[in-house]
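I had a model open today and kept a few notes as I clicked through it. Here they are, in the order I looked things up.

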Amino acid sequence: MISIIGSGRVGTSIAFLCVSNALDDILLVNRDEGKAIGESLDVSNAIPSTSKFSITGTSDYSKIIGSDIVVITASMGVYLNDRTENMVSQTTMIKEIAQKIKQYCPTAIVLLISNPLDILTYFFQKETSFSRFKVFGIASSLDTSRFRYLLSEKFSVPQSSVDGALVLGEHGDSMVPIFSRVKIGGKSLTSLLNDDEQASITNAVRNYWKDLRHYKSRSQFGIAKNAFDVIDSIVNNREFSVPVSVVLQGEYGENDVAMGVPVLINSSGISKILDIVLDDSESLLLQKSSQRIHDQINSI
Ligand SMILES: NC(=O)c1ccc[n+]([C@@H]2O[C@H](COP(=O)([O-])OP(=O)(O)OC[C@H]3O[C@@H](n4cnc5c(N)ncnc54)[C@H](OP(=O)(O)O)[C@@H]3O)[C@@H](O)[C@H]2O)c1
């Protein structure tokens, strides 16, 4: 069973993908039980006739007992200018949810989606003392999708022609698009873009959510698909290379901080944190991103 905490836009979009792809039984948990029940009644109609799985809604956390995976999409409010705006209330919320997950399903793999993503991933892992390889945040893969999309638009090529796009570090204003590993139609990206163009794309990736909100209240489908791909790789034990936020213990020269780094996922969670080569400027930006997350953690 997969339990999804929070039945808002993102939680229900993930549920819809899991149900329509007949991945597993889904439990929606929301503080307002009626919302969880209503969403589950709606998503139930997307269950394929060949599926043996179901979806139910509740506000009762004890029903998560037996979950193999718990996905956290709960949110106390909407941020307007910066993902860290509701950091204090979100951290209080995540510590309460962490205690419940520790009580009811201490062996589950936990995926965090709620913002501020890296801070909540850090505090969830500290609060539960779960293995850091079973607690990770999904966001850098969404930022990577945005980077790939913006490059495909810039060069008027399909996204399938953009190889090696990756965004690491904070899911926030200091995130680091990695230009040095990208190839477009086989050509190195750094030979195709000057410094000003790289800076402009970096800004566009970091501010993508603000541009989106100009037209639509909040994002949901991109993060839902990125989360689904990770859940699918866990459920089907299909090795998957993806950047996620995980508490670091020496990797990339960082300690006691969670941020987006490339990993391999399988049915047991993170099987390996990948050590990839970055250029000097990217390494420096990643250090700065880590410092920003450290500062936020220490401010709570
Ligand atoms: N990682 C990423 O890349 C990414 C991308 C997009 C969004 N996000 C984040 O994902 C989160 C969810 O976004 P959303 O648009 O789905 O928000 P939303 O529509 O406001 O949904 C949040 C849901 O969480 C519920 N909730 C609050 N506290 C809860 C608790 N303690 N237990 C159970 N449920 C609780 C709320 O219930 P009520 O209805 O009772 O208030 C609400 O239904 C936000 O933090 C957002 O910033 C992350």
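My entries below go from the ligand shell to helix packing, one serine and some backbone oddities.

**Before starting.** I am working with a predicted model here.

**Ligand shell.** I started by asking which residues come nearest to the ligand. Of the 30 residues around the ligand, I noted Gly-6, Gly-8, Val-10, Asp-32 and Ala-74 as the nearest. I then looked at which helices feed the shell: H1 (9–20) and H3 (87–104) each supply at least two of its residues. H1 gives the largest share, with three residues. Sorting the shell by class, I got 13 nonpolar, twelve polar and five charged residues.

**H1 on H8.** Next I followed H1 to its packing against H8. The two axes are 9 Å apart, at an angle of about 50°. That angle makes the pair oblique, and H1 passes H8 in a right-handed crossing. From H1 I listed Val-10, Ser-13, Ile-14, Leu-17 and Cys-18 in the contact. The H8 side brings Phe-221, Ile-223, Ala-224, Lys-225, Ala-227, Phe-228 and Ile-231. By class I have ten nonpolar residues, one polar and one charged in this contact. Val-10 is worth a second mark in my notes: it is in this contact and also among the residues nearest to the ligand.

**H5 on H8.** H8 (221–235) has another partner in my notes. The axes of H5 (140–154) and H8 come within 9 Å and cross at roughly 120°. Is that perpendicular or oblique? Roughly perpendicular ends at 115 degrees and roughly antiparallel starts over 145, so I call H5 oblique to H8. The crossing is right-handed. H5 makes the contact with Ser-141, Leu-142 and Ser-145, and H8 with Gly-222, Ile-223 and Asn-226. I sorted these into two nonpolar, four polar and no charged residues. Ile-223 turns up in the contact with H5 and in the contact with H1.

**Ser-140.** I stayed in H5 for this one, since Ser-140 lies in that helix. Is Ser-140 buried or exposed? I count it as buried because it has 29 C-beta neighbours inside 10 Å, and 20 are enough for that label. Leaving out residues up to four places away in sequence, I found Ser-140 touching Val-167, Leu-168, His-171, Pro-243, Val-244, Ser-245 and Gly-260. I also checked Pro-262: its C-alpha atom is 9.0 Å from that of Ser-140, although the two are 122 residues apart along the chain.

**Backbone oddities.** A reminder to myself before this entry: most residues other than glycine have a negative phi, and most peptide bonds are trans. The bond joining Asn-115 and Pro-116 is cis, with omega about 0°. I placed Pro-116 in the loop between strand S5 (109–112) and helix H4 (117–128).

Then I went after positive phi values. Ser-129 has a phi near 60° without being a glycine, and it lies in the loop between H4 and strand S6 (135–137). Asn-237, also not a glycine, has a positive phi of about 50°. I found Asn-237 in the loop between H8 and strand S12 (240–249).

Why do I have both down as exposed? Ser-129 is exposed because it has 11 C-beta neighbours inside 10 Å. Asn-237 is exposed because 11 other C-beta atoms lie within 10 Å. The cut-off for exposed is 12 or fewer.

Definitions and conventions. Residues are numbered from 1 along each chain as its sequence is written. This is a predicted model: local features need pLDDT of at least 70, side-chain atom pairs count only at pLDDT 80 or more; totals for chains, interfaces and linings use all residues. A residue is near a molecule or strand if its C-beta atom, placed from the backbone, lies within 6 Å of it. Helices (H or I, at least four residues) and strands (E, at least two) are DSSP runs, numbered from the N terminus. Ala, Val, Leu, Ile, Met, Phe, Trp, Tyr, Cys and Pro count as nonpolar, Asp, Glu, Lys and Arg as charged, and the others, Gly among them, as polar. Axes are lines fitted to C-alpha atoms, for helices over the stretch in contact, and angles run from 0 to 180 degrees between N-to-C directions. Angles under 35 degrees count as roughly parallel, over 145 as roughly antiparallel, 65 to 115 as roughly perpendicular and the rest as oblique. A crossing is left-handed if the near helix is turned anticlockwise from the far one by less than a right angle, and right-handed if clockwise. Two residues are in contact if their C-beta atoms, placed from the backbone, lie within 7 Å.
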